[in-house]
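Trainee: Could we go through this model together? I should like to begin with the nucleic acid and then turn to the protein itself.

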Amino acid sequence: MTYTHHNNELTMADIGTTVKLKGFVSKKRDLGNLVFIDLRDQEGITQLAFDADNPLKATAEAIKNEFVLSVQGTVRERSSKNPNLRTGDIEIDVATIEVLSTAKQPPMIIADETDALEDTRLKYRYLDLRRPRMHKILKTRHHITRVVREFLNGEGFYDLETPMLTKSTPEGARDYIVPSRNHKGSFYALPQSPQLFKQLFMISGFEKYYQIARCFRDEDLRADRQPEFTQIDVEMSFIDQEAVLAMSERMMQRLLKEIRGIDIKTPFPRLTYKEALERFGTDKPDTRFGMEHITLNAIFKATAFKVFKAVSDTGGLIKAINVKNGEKAYSRKKIDGLTKAIAKYGAKGLAFFKYDGSFSGPAVKFLSDTELENLKTKTGMEQGDLLLVVADKPSVVNAALNYLRNTIAKEMELYDEDTFDFTWVVDWPMFEYNEEDRRYYALHHPFTRIHDSDKTKIETAPDQVLAYGYDLVVQGQELGGGSLRIHDQDMQKAIFNVLGMDEAAQNAQFGFFLEALQYGTPPHGGIAFGLDRIVMLLAKTSNMRDVIAFPKTASAHCLLTDAPSHVSNAQLSELGLQKKSRDE
RNA sequence: GGUCCUGUGGUGUAGCGGUUAACAUGCCAGUCUGUCACACUGGAGAUCGCGGGUUCGAUUCCCGUCAGGACCGCCA
């Protein structure tokens, strides 16, 4: 027996027994004739005590933080107890001690209240991960994947694997590319998601698939975006949209209950994509509070106010949010700050109105009495309210007002962290026109099935075609998304046509898939959840690096291993590759 | 690709056109029998990210560069 207990286990009930413990030295307190050592392992902390007459006291005094020890001794009651510690009633009177490993002085304090900045933490990630807080998060992550697996196994899903070395595809994010040695000049790509493979499983006759799958996208990072991330990937045959949503709701319900002990109601409310954009200006609205967007175009059709008039005449949008009791909370100076903040979304200005029986604000003098009356009725302004108005092209207005709504709600504390307002955003448009490239793109992805009633519009009015696409949103974050898929090769080709892919391109990129569709394809659909985001949500952190054991920096650099790094010319030539100049 | 913020002992911060570069913590030594952020006394430890410029003089101001972070674009 290498040890008899973990360091969170011993209590008054164990007094008098001989135990063997191991762990890291978390903290030594040397009181002269009395030495205490906090021994930390995966589960917790136990205090070791060395009395004045203990022959090991000298040994204990030489021990430093983070040494790895194995000790044997007797459990005894403390003369002064620590109620903050699970094992705070007892301590170990040490009889033998073995130093399994010594330790250099660590570059950071290994405790929850570490003072190290994130780059230091990432460089010495293995030390950072010793902190109980990080242990707790990674254990929560494990707990979540365990519950997910149990749930999906229980619902009859098969955990099936898909390749990591696969084919690069043009649509979507930038691929991570892997050069082939056998086929010099050719490349694999790491999967952005197992999308086509899971559909092929359906064509293979598996009816319920899942995988906790690593995905790779070579795009710029954010606090909640890493170049490699994990999806809970699910696909089902012979089902409709309701089946996918209901299954997802059961899974989230189970997760919230088991991880946080929170009961949530199903079914989750639904918003159409169109509604979400109108009422919240985003496809991932935070629905924990009101302050919805109010469209004011109708009021200002013939206004004398030049700013609104110009926007109205050029097909722009005039929208507002009513900040209830915002008049006092938002001084002129703070509003100027908000105006500056929304400039990053392209908003050229922010009009504001205060109300205390009548409107006041810089723009009031440009508006007629009728317009002000209509404004009051439309926005429901009351004593002490603040109205913020943005007028510009729709994408700018929506982005700016969404930012304002979220920022102000946070500042005014209009919501609670533990409100889980799961919402489905459904009925996504199939296509989105890109002005720059002068072509349509798939809003979700090109394999999404469209509403039967819209089939005739594919060629005539692609931007009106709605798809069976759905996103799961909570607290203003996208947790997952999916769709019903096309199971008919003619329809699949028609979609590719709208996307501007000719037959040759379709065959080169997706020929294998178009062919597979010809051999009998069950109707199918699925969904994928961002595991990292689920962990963030349940572990209450806004930093994705906190929930990934070995994450990368904002520039996709691993500070621990220093990847990516140079490779030798020999390695390159084996792959048929040659570096261009500009070598350091 | 762009905007903004940060870079000073091991760690985290303060600071300022001329300083003995300050504080906390960690580290080392000593005192201490009940600590648990032990306490107290003393000590060591910094080419102020790197390069250039302005200046009599730059850690401080300016430019560039590198690194880290936040955001915009991007992420079907």
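Mentor: Certainly. The surface near RNA strand B has 18 charged, 16 polar and 16 nonpolar residues. Please keep in mind that this is a predicted model.

Trainee: How many residues surround RNA strand B, and which are the closest?

Mentor: RNA strand B is surrounded by 50 residues, and the closest are Lys27, Asp30, Glu91, Ala442 and His444. Of the atoms of the strand that come within 4 Å of the protein, 55% belong to sugar and phosphate.

Trainee: Which helices or strands supply at least two residues of that surface?

Mentor: Both β1 (18-30) and α2 (118-123) do so. The most comes from β1, with 3 residues.

Trainee: What lies 2.6 Å from the side chain of Glu219?

Mentor: A sugar or linking oxygen of RNA strand B is at that distance from a side-chain N or O atom of Glu219. Lys344 also approaches a sugar or linking oxygen of the strand, but through a backbone N or O atom, at 3.4 Å.

Trainee: And the phosphates? Which part of Thr553 lies 3.4 Å from a phosphate oxygen?

Mentor: A polar side-chain atom of Thr553 is placed there.

Trainee: Changing topic, how is chain A divided into domains?

Mentor: The domain assignment gives domain 1 (12-101), domain 2 (135-262 + 422-546) and domain 3 (289-411). Between the C-alpha centres of domain 1 and domain 3 there are 64 Å.

Trainee: How do α14 and α15 cross, left-handed or right-handed?

Mentor: The crossing is right-handed. The axes of α14 (residues 489-498) and α15 (residues 503-516) come within 11 Å, at an angle of roughly 145°.

Trainee: Which residues meet there?

Mentor: From α14 there are Gln489, Gln492, Lys493, Phe496 and Asn497, and they meet Glu503, Gln506, Phe510, Phe513 and Leu514 of α15. By class, this contact has 4 nonpolar, 4 polar and 2 charged residues.

Trainee: Now the backbone. Where are the cis peptide bonds that lead into Pro267 and Pro564?

Mentor: One joins Thr266 and Pro267, with omega about -5°, and Pro267 sits in the loop between α6 (241-260) and β11 (270-272). Another runs from Ala563 to Pro564, with omega near 0°; Pro564 belongs to the loop between α16 (531-539) and α17 (569-574).

Trainee: Why remark on such bonds, or on a positive phi?

Mentor: Because most peptide bonds are trans, and most residues other than glycine have a negative phi. Glu413 has a positive phi, near 55°, and is found in the loop between α12 (394-411) and β17 (423-426).

Methods:
Residues are numbered from 1 along each chain as its sequence is written. Chains are lettered from A and ligands numbered from 1 in the order in which they are written. This is a predicted model: local features need pLDDT of at least 70, side-chain atom pairs count only at pLDDT 80 or more; totals for chains, interfaces and linings use all residues. Side-chain values use heavy atoms; hydrogens and water are left out. A residue is near a molecule or strand if one of its heavy atoms lies within 4 Å of it. A polar contact is a pair of N or O atoms within 3.5 Å; within protein, one must be able to donate a hydrogen and the other to accept it, and residues adjacent in sequence count only if both atoms are side-chain atoms. Helices (H or I, at least four residues) and strands (E, at least two) are DSSP runs, numbered from the N terminus. Ala, Val, Leu, Ile, Met, Phe, Trp, Tyr, Cys and Pro count as nonpolar, Asp, Glu, Lys and Arg as charged, and the others, Gly among them, as polar. Domain bounds come from an automatic or database domain assignment. Axes are lines fitted to C-alpha atoms, for helices over the stretch in contact, and angles run from 0 to 180 degrees between N-to-C directions. A crossing is left-handed if the near helix is turned anticlockwise from the far one by less than a right angle, and right-handed if clockwise. Contact means heavy atoms within 4.5 Å.
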